[in-house]
Amino acid sequence: MERRNASVAVIGAGDYIGAAIARKFAGEGFAVFVGRRHGEKLAPLVAEIEAGGGRITGRSLDARKEEEIAAFLRDADAVAPLEIGIFNIGANVNFPLLETTERVFRKVWELACYAGFLTAREAARLMLPRARGNIFFTGATASLRGGIGYAAFASAKFGLRAVAESTARELGPKGIHVAHLIIDAGVDTEWVRQRRLEALGPGALDNPDLLMPPASVAASYWQLYQQPKSAWTFELEIRPFGEKW
């Protein structure tokens, strides 16, 4: 494995997409920093990557807190120059409008939109002096379309997309690639599988081509990173070939 003098910070390193991104970039020789609310849940991922010879640091992180985001990214940059910052917090909830409390709406916005703004701003502080870097955001179908029961989630994801686009227009000419990745499908996780079974019945999992493996999402982020400056993508939509859209 070629060791690179660069770091990748994954904010929202859950057990599936976030973990897959960490595995991919660690396998490519980057020093990886991963953060999630309960940092102790990162122990298996850290052990796995270290056993394979990779470099990884796991931290507890409340992405809604400005000082925690700033410190997390600074610490990654201190290990090796921050090359890629990835914001991967989902906060997907579904409530009928009248059951969507003020607390739920505000918390989802803080997690899925406000925290993304903090991530972009603090990553930019570190990247701009070097005139290089990458800031990537994980979006969803709800980034482009509101659905029944998704007033909180869709509004936050719409907002995150606006943060990403504004950031891309400002930072692109300064050498920083900003991209927004829309995942238009269910990702193959236990939670998604259970939801599909509850909604669609026993045959809901018969077609494996309707769920997206987390490693496929990680591969898309790697492809974004490899793009030359002369052909940067801002927005990339991905879905399994079996998905109807």
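Strand 1 (residues 7–11) and strand 4 (residues 82–87) run parallel, joined by 5 bridges; strands pair if DSSP finds at least two bridges between them. Ile 11 has Phe 87 of strand 4 as its bridge partner. Keep in mind that this is a predicted model, where local features need pLDDT of at least 70, side-chain atom pairs count only at pLDDT 80 or more, and totals for chains, interfaces and linings use all residues. Residues are numbered from 1 along each chain as its sequence is written, and side-chain values use heavy atoms, leaving out hydrogens and water.

**The sheet**
- It's an open sheet of 7 strands in the order 3-2-1-4-5-6-9, with parallel pairing; strands are DSSP E runs of at least two residues, helices H or I runs of at least four, numbered from the N terminus.
- Strand 3 (55–60) and strand 9 (235–238) sit at the edges with a single partner strand each, so one side of each has no neighbour in the sheet.
- On the other side of the pairing story, strand 1 joins strand 2 (residues 31–36) in parallel through 5 bridges, and Ser 7 has Ala 31 as its bridge partner there.

**Around strand 4**
- Strand 4 is mostly covered, with 6 of its 6 residues buried (under 20% relative accessible area, 1.4 Å probe, protein chains only).
- Strand 4 also pairs with strand 5 (residues 133–140), parallel over 4 bridges; Gly 85 has Ile 135 as its bridge partner in strand 5.

Notes. Buried < 20%, exposed > 50% of the residue type's maximum accessible area, 1.4 Å probe, protein only.
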